[in-house]
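Subject: Structure for you to look at

Dear colleague,

I am passing on the structure we spoke about, and below it you will find my notes on what came out of going through it. Please read them with the coordinates open.

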Amino acid sequence: MKVAGNLFKMRSSIKDDTVNYQLVLKDSVVEMNELIGKSLSLEFKNQINCISCGKKTAKSFAQGFCYNCFQTAPEVEECVLNPEKCRAHLGESRDQTWAEKHCLIPHYVYLAIASGIKVGVTRSTQIPTRWIDQGAWKAIIIAETPNRHIAGVIENYLKQHYSDKTNWRSMLKNVLANEIDIELEKEKALALLPAELQKYAKEDSTPLELVFPVDAFPTKPNSFTFDKEAKIEGTLKGIKGQYLMFDNDRVINIRRHNGYLVELDTED
Ligand SMILES: [Zn+2]
């Protein structure tokens, strides 16, 4: 099978207790779990199209945008990376209509374990997608807020005690940090908050565990990028987060290549 199109982060869902991935290339939906154990190649066709306006761009900014959209699109406003800086609740944003649907809606603050524990913020509609994209195998919601800004303020407090980053190498090597009791961490984290933020605590949440479709994990993950080489090929060993894991320890982050035009070739 040969299909071509611009890459965009894989869609995910949970099917038979396992994360199920789909890669959409133009009009084709490729069931990625079915390709595990098979050989395939992904070849870059030397063209990047902005995921917002579609125009060709020589370079991708913020995972898929042309420079102009990077400067203007609401999806890459400062508050995406720094939720506490979101000012949509004050009526200030690049696009208030977009903000009403994305910032001024319920948000969750969560703890997630990929290889270590981290704190994060996401729109309530993005669970469990957000956790899957990070390769977290266990996560729990700790607070629910009416907008992005307040969730960011809570996260900022907790950043003094928890990382807000995922170590992608450890995540891909399947270092689990089994010893962490996430429900106990939830209680600890909430106790660290000042009273005016504790009122957003989500008391009734329970941990979610995720199983990724993987035959074998890399021992020394070696990150492949189309910026250096045109083609990655080999046997697909598994998928975790937004990474495809090939034999010989090679891995590729699909999300990092949003907008890159590629051709996927599979053995049958
Ligand atoms: Zn653009």
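I begin with Tyr 67, which counts as partly exposed, since its relative accessibility is 47%. Please keep in mind throughout that this is a predicted model.

Tyr 67 shares helix α1 with Phe 70, the two lying 3 residues apart, or about one turn of the helix. In general, residues three or four places apart in an α-helix point the same way, because there are 3.6 residues a turn. Phe 70 is likewise partly exposed, at a relative accessible area of 28%, and its ring forms a tilted aromatic pair with that of Tyr 67, with 6.2 Å from centre to centre and 45° between the planes. A search of the whole structure gives 9 aromatic pairs; another of them joins Phe 61 to Phe 70, and this pair is stacked, because the ring centres are 5.7 Å apart and the planes meet at 25°, under the 30 degrees that stacking requires. Elsewhere, ring pairs connect Phe 44, Phe 224, Phe 226 and Tyr 260 into a cluster.

The next item is the metal site. The zinc ion has as its protein donors the SG atoms of Cys 50, Cys 53, Cys 66 and Cys 69, at 2.3 to 2.4 Å, and along the chain these donors follow the spacing C-x2-C-x12-C-x2-C. The arrangement is tetrahedral, because the angles subtended by the 4 donor atoms run from 103 to 113°; for comparison, the ideal angle for four tetrahedral donors is 109.5 degrees. Of the donor residues, Cys 50 is buried at a relative accessible area of 5%, whereas Cys 53 is partly exposed at 37% relative accessibility.

Gly 64 sits in the loop between β5 (39-48) and α1 (67-72), and, with a relative accessibility of 0%, this glycine counts as buried. Once its neighbours within four places in sequence are set aside, Gly 64 is in contact with Asn 49, Cys 50, Ile 51 and Asn 258, so that one of its contacts, Cys 50, is also a donor of the zinc ion.

Finally, two helices deserve a look together. In α7 (residues 182-191) the buried residues are Ile 182, Glu 185, Lys 186, Ala 189 and Leu 190, and they line one face of the helix, because seen down its axis they fall within an arc of 130°. These buried residues pack against β6 (107-113), β7 (117-123), β8 (138-145), α5 (148-158) and α8 (195-198). The N-terminal end of α7 is capped by Asp 181, a side-chain oxygen of which lies 3.1 Å from the backbone nitrogen of Glu 183.

In α5, the buried residues are Arg 148, Ile 150, Ala 151, Gly 152, Ile 154, Glu 155 and Leu 158, and they pack against α2 (78-81), β6, β7, β8, α7 and α8. At the start of α5, Asn 147 places a side-chain oxygen within 3.1 Å of the backbone nitrogen of His 149.

With best wishes

Key
Residues are numbered from 1 along each chain as its sequence is written. This is a predicted model: local features need pLDDT of at least 70, side-chain atom pairs count only at pLDDT 80 or more; totals for chains, interfaces and linings use all residues. Side-chain values use heavy atoms; hydrogens and water are left out. Donors are N, O and S atoms within 2.8 Å of the metal (3.2 Å for Na, K and Ca); water is not among the atoms, so sites may look incomplete. Four donors count as tetrahedral if all angles lie between 85 and 135 degrees; four count as square planar and six as octahedral if opposite donors are over 155 degrees apart and all others between 65 and 115; anything else is irregular. Buried means under 20% relative accessible area, exposed over 50%, partly exposed in between (1.4 Å probe, protein chains only). Helices (H or I, at least four residues) and strands (E, at least two) are DSSP runs, numbered from the N terminus. Contact means heavy atoms within 4.5 Å. Rings of Phe, Tyr and Trp (its six-membered ring) pair if their centres lie within 6.5 Å; planes under 30 degrees apart count as stacked, over 60 as edge-to-face and the rest as tilted. The arc is that of the directions from the helix axis to the C-beta atoms. A polar contact is a pair of N or O atoms within 3.5 Å; within protein, one must be able to donate a hydrogen and the other to accept it, and residues adjacent in sequence count only if both atoms are side-chain atoms.
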